[in-house]
Amino acid sequence: MTTDQTSSTASRAHIIIVDDDEAMRISLAQWLELSDFDVTVYSDARDALGDITPDFAGVILTDVKMPKMDGITFTKSVLTCDRDIPVIIMTGHGDVPMAVDAMKSGAYDFVEKPFEPKDIVESIIRAIEKRKLVIENRDLRRQIASISSLSNLDGRLIGNSTPMRALKQEIANIAGTEVPVLVAGETGTGKELVARAIHDLSQRRDEKFVAVNCAAIPESTAESELFGHEKGAFTGATGQRIGWIENANKGTLFLDEISSMPLALQAKLLRVIEQREVVRVGSNAPVKVNFRLICATNENLVDAVSARTFREDLLFRINTFELPIAPLRDRTDDITLLFDIFAERAAERFERPYDRPSPALFGQLTKHEWPGNVRELKNLAERYVLLVGAPEERFQRLFKGGFESQGSVSSALALADQVKHFEERLIRDALDRHNGNVKSVMEELDIPRRTLNEKMKKLNIRRDQIA
């Protein structure tokens, strides 16, 4: 190997030297630095372990006989971190059998003292080339996995707008980790869909995905629902019940509308996250749990902390990685594609033809504010397929006078009133389509019976008034 080749390979390569002999450390470090290596020296192998991670791209040189931790034990600890890290053992003549055994366990090479500096440099160069190849192969596998993940995401998270492409990249990037994720977005943006995508691309994909809507759980039974209870824990507890958290063991726990959780329950959830164990109501025995936590919110939790309705310490625990979802009005490039897909699916399900709207009508869709986001668009596309008449007539009926009048009325209303009118229209139309069948409406709108009943009561909607 020429000097230029050695310098090219050695440039910026990191070499760790572990030896309790100060003279050996200094002389070897000087020689390697002159050979254009980046050198770190340690007299104690235990200190060196703190500088070694699975992405360490260099080579390790270690002596065999050292106090506190010998070279063989040190080598085994390094290989536990990453079996492909090259470890070169420096040994005296009497310790050669030990070095051979270490190589059988995964060490890269050994050199017998005293040695010529050029000999050890050649061994280091070969080790660096091997390590470089290992890291390149790992990077390639990660890239292939990322491309595969993005391809899978395209089938479930529809859209090619800039915000949607960025969201898919973030999901592919974070799914393989175990960090808690906070999915933030307005109602109807698809937060649970994103959470399921993270789960399906994670190492826990073959385990359960347990989704819990915190807003739909009555406060009086919330603790039992989440943590479970023992038989006789309270009136009506006729048997043991496994809670949602324990049910998610080994899988993913998705807590939707986390801001709706009562403060007292937040404190208990915090303890579960920190201790990784639950205590069922009526029991003193903790049960170990292992789950990936994903939470979702349509509120600003920082504001909720300021308002003292959400615990700051819990917020720190659940938003290690925050994943915001853009509202539909900020990704209008996706509206036509989404409408087409939702309408085609509805046409197939209802056995109706899909008379595609004109570009002009699609243009009107992009001007709408979409307070209900993708859920509202999906509902509108399905209603469009079920209606009869020309596309222009259907649009007039869908928006009761067209987009312009709809917008002018909405702009004069407060946000709460706009949401109220939107919800009332969605529920009434769904009840009309399903002839007052509440179960079918629950499935279409994807809301629990209790939530639907409360909204119907609040909006003064009665099933017996449905035509």
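# Two parallel sheets and the parts around them

In this predicted model, strands β6 and β13 run parallel and are joined by four bridges. Within this pair, Ala-184 has Thr-297 of β13 standing opposite. Strand β6, which covers residues 181-184, is also joined by four bridges to β14, and here too the strands run parallel; in this second pairing, Val-181 stands opposite Phe-321 of β14.

These pairings belong to an open sheet of five strands, whose order is β7-β10-β13-β6-β14 and whose pairing is parallel. At its edges stand β7 and β14, each of which pairs on one side only. If the direction of the strands is ignored, neighbours in this sheet are turned against each other by 20° on average. The edge strand β14, made of residues 321-324, has two unlike faces: Phe-321 and Leu-323 form a covered one, while Glu-322 and Pro-324 form an uncovered one.

Several of these strands also contribute to a nonpolar core. In soluble globular proteins, nonpolar side chains tend to be buried together. The largest nonpolar core of this model has 31 residues, and those with the most contacts inside it are Ile-245, Leu-253, Leu-255, Ile-258, Phe-310 and Ile-318. At least two residues of this core come from each of the strands β7 (209-213), β10 (252-256) and β13 (292-297), and likewise from each of the helices α9 (222-227), α11 (263-275), α12 (301-306) and α13 (312-318). Helix α11 gives the most, with five residues.

What does Phe-310 touch, if residues up to four places away in sequence are not counted? The residues it touches are Ile-258, Ser-259, Leu-263, Gln-266, Leu-301, Ala-304, Val-305, Leu-315 and Ile-318. One of these, Ser-259, lies in the loop between β10 and α11, and with a relative accessible area of 13% this serine counts as buried, because the limit for that word is under 20%. Leaving aside its neighbours within four places in sequence, Ser-259 is in contact with Thr-297, Glu-299, Leu-301 and Phe-310.

The other sheet can be followed in a similar way. Five strands form this open sheet in the order β2-β1-β3-β4-β5, with parallel pairing. Strands β2 (38-42) and β5 (109-112) stand at the edges with a single partner strand each, so one side of each is left without a neighbour in the sheet. Neighbouring strands are here turned by 20° against each other on average, direction ignored. Inside the sheet, β3 (residues 59-63) and β4 (residues 87-91) pair in the parallel sense over four bridges, and Thr-62 stands opposite Ile-89 in β4.

Helix α4, which spans residues 71-81, packs on this sheet and touches β1 (14-18), β3 and β4, while its direction makes about 160° with that of β3. Helix α5, made of residues 96-104, lies across β4 and β5 and runs at about 165° to β5.

Some places in the backbone deserve a separate look. Most residues other than glycine have a negative phi, and most peptide bonds are trans. The peptide bond from Lys-113 to Pro-114, however, is cis, with omega near -10°, and Pro-114 lies in the loop between β5 and α6 (117-154). Lys-68 is not a glycine, yet its phi is positive, near 70°; this lysine lies in the loop between β3 and α4. Asn-373 is not a glycine either, and its phi is about 55°, again a positive value, but this asparagine is found in helix α16, residues 373-386.

Are Lys-68 and Asn-373 buried or exposed? Lys-68 has a relative accessibility of 66% and therefore counts as exposed, whereas Asn-373, with a relative accessible area of 0%, is buried.

Helix α16 leads to the last part of this tour, where its axis and that of α14 (residues 335-350) come within 8 Å and cross at roughly 50°. The two helices are therefore oblique to each other, and α14 passes α16 in a right-handed crossing. Among the residues of α14 that meet α16 are Leu-338, Phe-342 and Ala-347, and the residues they meet on the α16 side include Leu-377, Ala-381 and Val-385. A second, separate core has 23 residues, including Ala-347, Leu-377, Ala-381 and Leu-398.

Conventions: Residues are numbered from 1 along each chain as its sequence is written. This is a predicted model: local features need pLDDT of at least 70, side-chain atom pairs count only at pLDDT 80 or more; totals for chains, interfaces and linings use all residues. Side-chain values use heavy atoms; hydrogens and water are left out. Two strands pair if DSSP finds at least two bridges between them. Axes are lines fitted to C-alpha atoms, for helices over the stretch in contact, and angles run from 0 to 180 degrees between N-to-C directions. Contact means heavy atoms within 4.5 Å. A nonpolar core is a set of buried Ala, Val, Leu, Ile, Met, Phe, Trp, Tyr and Cys residues joined through side-chain atoms within 4.5 Å. Buried means under 20% relative accessible area, exposed over 50%, partly exposed in between (1.4 Å probe, protein chains only). Angles under 35 degrees count as roughly parallel, over 145 as roughly antiparallel, 65 to 115 as roughly perpendicular and the rest as oblique. A crossing is left-handed if the near helix is turned anticlockwise from the far one by less than a right angle, and right-handed if clockwise.
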